[in-house]
Amino acid sequence: MKKLILTLTIIGLISALALAYIYQITAPLIEGEEALARKKAVLDVLPESDSYTEVVKNGIIFYEGNVEGEVAMSVSGGGFNGEIKLMIGANPFEGKIYKITVLNHSETPGLGSKITDDEFTSIFAGKPFGKYQVVKRPVSNPMEVEAISGATISSQAVTDIISDAVNRMRLAYGGGA
Amino acid sequence: MGFLRDFTNGLWNENPTFRIVIGMCPTLAITNQAINGLVMGLATTFVLLASEIVVSLIKKLVPNEVRIPSYVVIIATFVTFVDYFLKAFLPDVAAALSLFIPLIVVNCIILGRAEAFASKNPVKNSIADALGMGLGFTWALVLLSVIREFLGSGSVFGFRLLGNWYPRMTIMLLPAGAFISLGLLMGVMNLISRKKSGKEVN
Amino acid sequence: MEEFTQILLLFASTILINNFILVRFLGICPFLGVSRQISTAFSMGLATTFVMTLTGMAAWLINTYILEKFNLPFLQYVIFILVIASLVQFVEMFIKKTSPALYKALGIFLPLITTNCAILGLALLIPQNGYGFIKSVVFGFSAGAGFTLAIVLMAGLREAIEFSDIPEVLKGVPISLIIAGIMALAFMGFSGMIPG
């Protein structure tokens with residue numbers, strides 16, 4: 001019995017030590033990788049900025065670009081199959097969206113996954129802040145968003161996340177448009 | 001001679017995917033892109049190799065009663081190692097494989113080979129067995145993922161082979177396509193092995 | 001009230017939309033191995049659901065009070081798999097003592113459950129999804145219920161095709177996989193039923 005416990009303890013200890021060591025080496029690398037990915041995503045949605053600072057307003061983290069008025073935020077919400085994570089770049093003072101990108105999603109490949117296509121994300125570029133409406137026909141005013149055919153729910157989900165995000169951004173930056 | 005036989009065993013005769021039918025979860029889940037299949041196969045091969053070496057080295061030191069828990073701890077250690085390594089150096093692929101890297105821990109291939117082979121054989125043969133089994137698993141994953149990516153996205157390893165005219169078969173990328181294509185592929189493998197053994201008899 | 005609705009949604013979506021077997025590909029081995037007969041499939045499902053509910057509980061407790069408290073994320077896989085193995089052993093002993101009849105029905109399946117990747121997958125998903133205690137338990141139970149549903153349906157279909165004229169090379173696992181594919185297609189109809 002003693003030998004059994006001893007063997008398991010030794011193996012457990014060696015394993016724990018080895019893992020602690022590997023964790024120490026790789027943790028900074030992994031963190032660096034994540035920071036790099038976030039930086040790329042933020043700068044991608046801000047047209048002019050080449051650096052940014054993190055600012056917390058109303059309990060939300062905003063990334064303010066070094067060019068006046070450019071602000072990005074990362075938001076997420078429920079989609080068709082799971083969480084959708086977006087990065088939104090906008091000017092809250094003029095109340096205008098620059099660009100959105102989809103960071104992460106688990107929508108149906110080939111249908112809902114079309115929310116990542118430029119064809120869909122570019123719809124939001126240049127839109128004024130407000131509450132957007134998903135329609136299943138060509139749009140007739142700037143507050144409307146044409147749904148991807150076969151993926152109305154995913155389109156609706158992205159649109160709702162953005163409507164909510166720009167509203168929070170507007171409140172945080174004191175009214176705007 | 002024994003070395004070579006142990007190596008080739010896993011490639012075909014006892015191929016984990018097509019013959020023994022184990023390790024099905026990752027086989028189905030991550031084979032929607034060829035690169036995922038390749039990385040998953042190699043990650044599993046690494047864990048299998050490292051675990052078989054260690055198990056074979058310490059087989060005389062570990063009392064029989066705590067054999068399985070000891071092996072499980074050893075396997076889980078190497079899996080964690082691979083997980084951190086992938087997250088640090090191949091973050092995109094690591095994100096695509098997500099849950100299925102840690103799940104290598106419970107991939108029956110690893111515990112199965114550690115218990116059935118490495119705990120009874122010398123290190124040299126265990127290395128051969130691990131490489132054979134690991135690469136046998138890898139080629140099965142790559143084959144399935146190449147088929148699925150080609151039919152589903154018209155590309156292989158991310159290279160566009162078919163133009164925009166190709167109506168992409170989205171279903172191949174979905175769970176349903178995974179099940180159906182693996183089922184048919186297994187049927188084809190059965191057919192090949194039957195033809196092969198039929199010839200040998202004649 | 002909000003919390004309650006969320007839990008109900010989690011329950012329904014774990015069973016139907018993100019079904020562990022048909023969508024997440026967790027637990028394929030028992031799904032193919034123990035689905036020849038409805039009765040055994042049901043027992044397997046029951047045993048798995050039981051262990052999964054306990055795992056949901058244990059995973060949350062360990063993650064919150066040990067791994068996060070002492071900042072040991074690198075031991076997650078090792079500890080989870082050891083806990084699951086001990087849990088299964090404990091359940092086996094407990095059932096053996098308290099209900100020999102139940103042990104007879106479930107006994108042979110219990111050791112198999114340790115290497116069922118649905119269990120470890122469940123444990124790993126709990127910290128990843130950031131569930132609280134109640135949600136973790138509900139998640140464990142509904143994952144098990146979804147597993148049972150899929151495996152029993154599969155067994156029913158396999159019983160029905162037992163004497164069908166299937167090409168020799170597709171008999172056994174290949175045809176089961178193809179059936180599972182058609183089932184997965186059918187289950188796709190559920191997604192979108194619950195928005196967000």
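## The β1–β2 hairpin of chain A

In this predicted model, strands β1(A) and β2(A) run antiparallel and are joined by 6 bridges. Strand β2 covers residues 60-65 of chain A. Two of the facing pairs are easy to pick out: Val56(A) has Ile61(A) as its bridge partner, and Lys57(A) sits opposite Ile60(A). The two strands make a hairpin with 2 residues between them. In that turn, Asn58(A) takes a positive phi of about 50 degrees.

Next comes the link from β2(A) to β3(A), again antiparallel, with 2 bridges. Here Glu64(A) stands across from Val71(A) in β3(A). This hairpin has 5 residues between the strands, and Gly69(A) is where phi goes positive, near 90 degrees.

## The whole sheet and its helices

Step back and these strands belong to an open sheet of 5 in chain A, ordered β1-β2-β3-β4-β5 with antiparallel pairing. At the edges are β1 (52-57) and β5 (96-104) of chain A, each pairing on one side only. From one strand to the next, the twist averages 30 degrees.

Which strands does helix α1 of chain A touch as it packs on the sheet? The helix, residues 2-45, touches β1, β2, β3 (71-78), β4 (83-91) and β5 of chain A. Its direction makes about 150 degrees with that of β5(A). Helix α3 (residues 152-172) of chain A packs on the sheet too, touching β1, β2, β3, β4 and β5 of chain A. For α3(A), the angle given is with β4(A), and comes to about 45 degrees.

## Where chain A meets chain B

At the A–B interface, 19 residues of chain A are in contact with 20 residues of chain B. Sorted by class, the chain A side has 11 nonpolar, 6 polar and 2 charged residues.

## Where chain B meets chain C

Over at the B–C interface, 31 residues of chain B are in contact with 30 residues of chain C. On the chain B side, α2 (24-29), α4 (67-89), α6 and α8 (175-201) each supply at least two residues. Which of the chain B helices gives the most? That would be α8(B), with 11 residues. The class breakdown for the chain B side is 25 nonpolar, 5 polar and 1 charged residues.

## A long run of helix in chain B, and two backbone spots

Helix α7 of chain B takes in residues 123-153, which is 31 residues. From first C-alpha to last it reaches 43 Å, close to the 45 Å expected at 1.5 Å a residue. Right after α7(B) comes Gly154(B), with a positive phi near 70 degrees.

Ser98(B) is worth a look as well. Most residues other than glycine have a negative phi. Ser98(B), however, has a positive one, near 30 degrees. The residue is found in the loop between α5 (91-97) and α6 (108-118) of chain B. Is Ser98(B) buried, exposed or partly exposed? It counts as partly exposed, because 14 other C-beta atoms lie within 10 Å.

## Chain C, helix after helix

Chain C has 9 helices and 0 strands, so its pattern along the sequence is simply α-α-α-α-α-α-α-α-α. Its radius of gyration is 18 Å, close to the 16 Å that the globule rule gives for 196 residues, so chain C is as compact as a globular protein of that length. The C-alpha trace spans about 60 × 45 × 30 Å along its principal axes.

Of the 196 residues of chain C, 49% count as buried. Looking at contacts between residues at least 6 apart in sequence, 82% join residues at least 24 apart.

## Two residues of chain C

Met183(C) gives a concrete case of a contact across the sequence. The residue belongs to helix α9 (residues 173-188) of chain C, and counts as buried because it has 20 C-beta neighbours inside 10 Å. Leaving aside residues up to four places away in sequence, Met183(C) touches Leu22(C) and Leu153(C). Leu22(C) is 161 residues away along the chain, yet the two C-alpha atoms are separated by 7.5 Å.

Asn71(C) is a residue other than glycine with a positive phi, near 55 degrees. Its place is the loop between α3 (38-68) and α4 (76-98) of chain C. With 7 other C-beta atoms within 10 Å, Asn71(C) is exposed.

Key: Residues are numbered from 1 along each chain as its sequence is written. Chains are lettered from A and ligands numbered from 1 in the order in which they are written. This is a predicted model: local features need pLDDT of at least 70, side-chain atom pairs count only at pLDDT 80 or more; totals for chains, interfaces and linings use all residues. Two residues are in contact if their C-beta atoms, placed from the backbone, lie within 7 Å. Ala, Val, Leu, Ile, Met, Phe, Trp, Tyr, Cys and Pro count as nonpolar, Asp, Glu, Lys and Arg as charged, and the others, Gly among them, as polar. Two strands pair if DSSP finds at least two bridges between them. Helices (H or I, at least four residues) and strands (E, at least two) are DSSP runs, numbered from the N terminus. Axes are lines fitted to C-alpha atoms, for helices over the stretch in contact, and angles run from 0 to 180 degrees between N-to-C directions. The radius of gyration is taken over C-alpha atoms; the globule rule is 2.2 Å times the number of residues to the power 0.38. A residue is buried if 20 or more other C-beta atoms lie within 10 Å of its own, exposed if 12 or fewer, and partly exposed in between; C-beta atoms are placed from the backbone. The expected span of a helix is 1.5 Å times one less than its number of residues.
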